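I sat down with this structure today and kept notes as I went. Here they are, in the order in which I looked things up.

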Amino acid sequence: MFHVNENYLKLPGSYLFSTIGRKVREFQEANPDKTVIRLGIGDVTQPLAPAIIQALHDAVDEMGKAETFHGYAPDLGYEFLRNAIVEGDYRARGVEVYADEIFVSDGAKIDSSNIQEIFAPESRIAVCDPVYPVYVDSNVMAGRTGDYDAETGTWSNVIYMPCTKENNFVPQLPEETPDLIYICSPNNPIGSAMTKDQLQVWVDYANEKGAVILFDAAYEAYISEDNVPHTIYECEGARTCAIELKSFSKNAGFTGVRLGYTVVPKDLKDGDVMLNSLWARRHGTKYNGAPYIVQKAGAAVYTPEGKEQLKKQVAYYMENARVIKEGLKEAGYEVFGGVNAPYIWLKVPEGMTSWQFFDYLLETANVVGTPGSGFGPSGEGYFRLTAFGTHENTAAAMERIKALKK
Ligand code: PLP
């Protein structure tokens, strides 16, 4: 007699973005004459850069000839891509990471979900609050999180590290000791980033306590301030306590192409067991999820033309961030983020919940954002807008929001 994994049943019924989708659909049906502008979901809008398109075309042609055809990709990913990553993302910053520590995948979502599987079932997790929901959800499915309290939106066996304006959105070291610490910097949804000194405190703490930091650097390309590290391995001692997750989605527009990688340093060990060897046996080893064609496109990100073109793409989105930030300030809102990340985090007006503000913005300005409470209990009272729209949509949305205040 089979039974389902009951941990799956513990996940709260409706995913944040499906609730948003339903509300927007209902609004559109009731108001067919209104144009809704979406500054909610974190998908990109700009087309792939020419250098990437060229690499894709070339790789497709190679696949059509017997001499250059490629079948299953190597376990860790093609060496040409892993070497480009090591040079472009690490050596260029004076950071020590090796090609056999890079595991190419089809995106950071799958890796950030699956990485918990190489740790003991009883591991205690700590998460920044609010944060990208995948970290908690994957641990719910693995049975680590205890019971859900719908009233507080918290799990009994998760250590929450609030990031609010009161602590300048920097998580404090927790009182209870975690085994796994998820840190996302620059953070989705807050749009804030830790400085190197702030992150070093966490690296020292993890080494002292024997914990592992799972560091999500998906938004690294948006860092503009010099004191913000681009990789956790810029911090001393991180090779013995940190795994890094990276994505090509937001720096190169690969949300629909799918490519990412995870770094598991060989110095990271439990006794004499290297975590690097455990991750080598992860689900989907052998094919690693990313096709040859896509890995070729990924390598184009690190060419001089690719870098130049993608810098412009990031600047395009960050111009939107500036427009949103300034527009919101002009409209009288308290605004955070948007400097080292494509996310703007605003405080909702006194007396409103973040879902009430969602409805208010949809009904009055016809603009869609994301309620902060969807990212964790400390997100209540906040709201996220993203800079991934077009210039035209972003400007139009801000004009509507500013007009509400007049
Ligand atoms: N990590 C963070 C913090 C994200 O916000 C996202 C996507 O929004 C991802 C990972 C997923 O990246 P990918 O598209 O590579 O799966």
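**Entry 1: a buried lysine**

I began with Lys246, which is buried, with a relative accessible area of 6%. Buried here means under 20% relative accessible area, exposed means over 50%, and partly exposed lies in between, with a 1.4 Å probe and protein chains only. Before going further I noted that this is a predicted model, in which local features need pLDDT of at least 70 and side-chain atom pairs count only at pLDDT 80 or more, while totals for chains, interfaces and linings use all residues. Residues are numbered from 1 along each chain as its sequence is written, and side-chain values use heavy atoms, with hydrogens and water left out.

Lys246 belongs to strand E9 (residues 242-247). Strands (E, at least two residues) and helices (H or I, at least four) are DSSP runs, numbered from the N terminus. Which side chain does the side chain of Lys246 meet in a polar contact? I found Glu220, at 3.1 Å. A polar contact is a pair of N or O atoms within 3.5 Å; within protein, one must be able to donate a hydrogen and the other to accept it, and residues adjacent in sequence count only if both atoms are side-chain atoms. Setting aside neighbours within four places in sequence, I listed the contacts of Lys246 as Asp89, Tyr90, Ala108, Ala217, Glu220, Gly260 and Tyr261. Contact means heavy atoms within 4.5 Å.

**Entry 2: the sheet of seven strands**

Next I traced an open sheet of seven strands, in the order E2-E10-E9-E8-E7-E3-E6, with mixed pairing. Two strands count as paired if DSSP finds at least two bridges between them. Strand E2 (102-105) and strand E6 (158-162) each have a single partner strand, so one side of each is left without a neighbour in the sheet. On average, neighbouring strands of this sheet are turned by 20° against each other, direction ignored.

I then looked at strand E3 (residues 125-129), which pairs with E6 in the parallel sense over five bridges. Asp129 stands opposite Pro162 in E6. Helix H6 (residues 134-141) packs on the sheet and touches E3, strand E7 (180-184) and strand E8 (212-216). The direction of H6 makes about 150° with that of E3. For such angles, axes are lines fitted to C-alpha atoms, for helices over the stretch in contact, and values run from 0 to 180 degrees between N-to-C directions.

**Entry 3: around the ligand**

I counted 14 residues around the ligand, and Asp216, Tyr219, Ser247, Ser249 and Arg258 come nearest. A residue counts as near if one of its heavy atoms lies within 4 Å. Then I went through some polar atoms. A polar backbone atom of Lys109 is 2.8 Å from an oxygen atom of the ligand, and a polar side-chain atom of Asn188 is also 2.8 Å from a ligand oxygen. For Ser249, a side-chain N or O atom is 2.6 Å from an oxygen atom of the ligand.

How much of the ligand's accessible area does the protein cover? I noted 91% of the 400 Å² that the ligand has on its own. These areas come from the Shrake-Rupley method with a 1.4 Å probe. Helix H5 (108-114) and helix H8 (249-252) are the elements that give two or more residues to the shell.

**Entry 4: the sheet of four strands**

My next stop was an open, antiparallel sheet of four strands, ordered E13-E14-E17-E16. Its edge strands are E13 (335-337) and E16 (370-371), each paired on one side only. Strand E14 (residues 343-347) runs antiparallel to E17 (residues 382-386), and five bridges join them. Along that pair, Leu346 has Phe383 as its bridge partner, and Ile344 stands opposite Leu385. On the other side, two bridges join E16 to E17, with Pro371 opposite Phe383.

Is E17 covered or exposed? Five of its five residues are buried. Tyr382, Arg384 and Thr386 point one way, and Phe383 and Leu385 the other. In a regular strand the side chains alternate between the two faces of the sheet. Helix H12 (residues 354-364) lies across E14, E16 and E17, at about 45° to E17.

I closed with Thr386, buried at 2% relative accessible area. Beyond four places in sequence, Thr386 touches Leu39, Gly40, Ile41, Gly42, Ile324, Pro342 and Tyr343.
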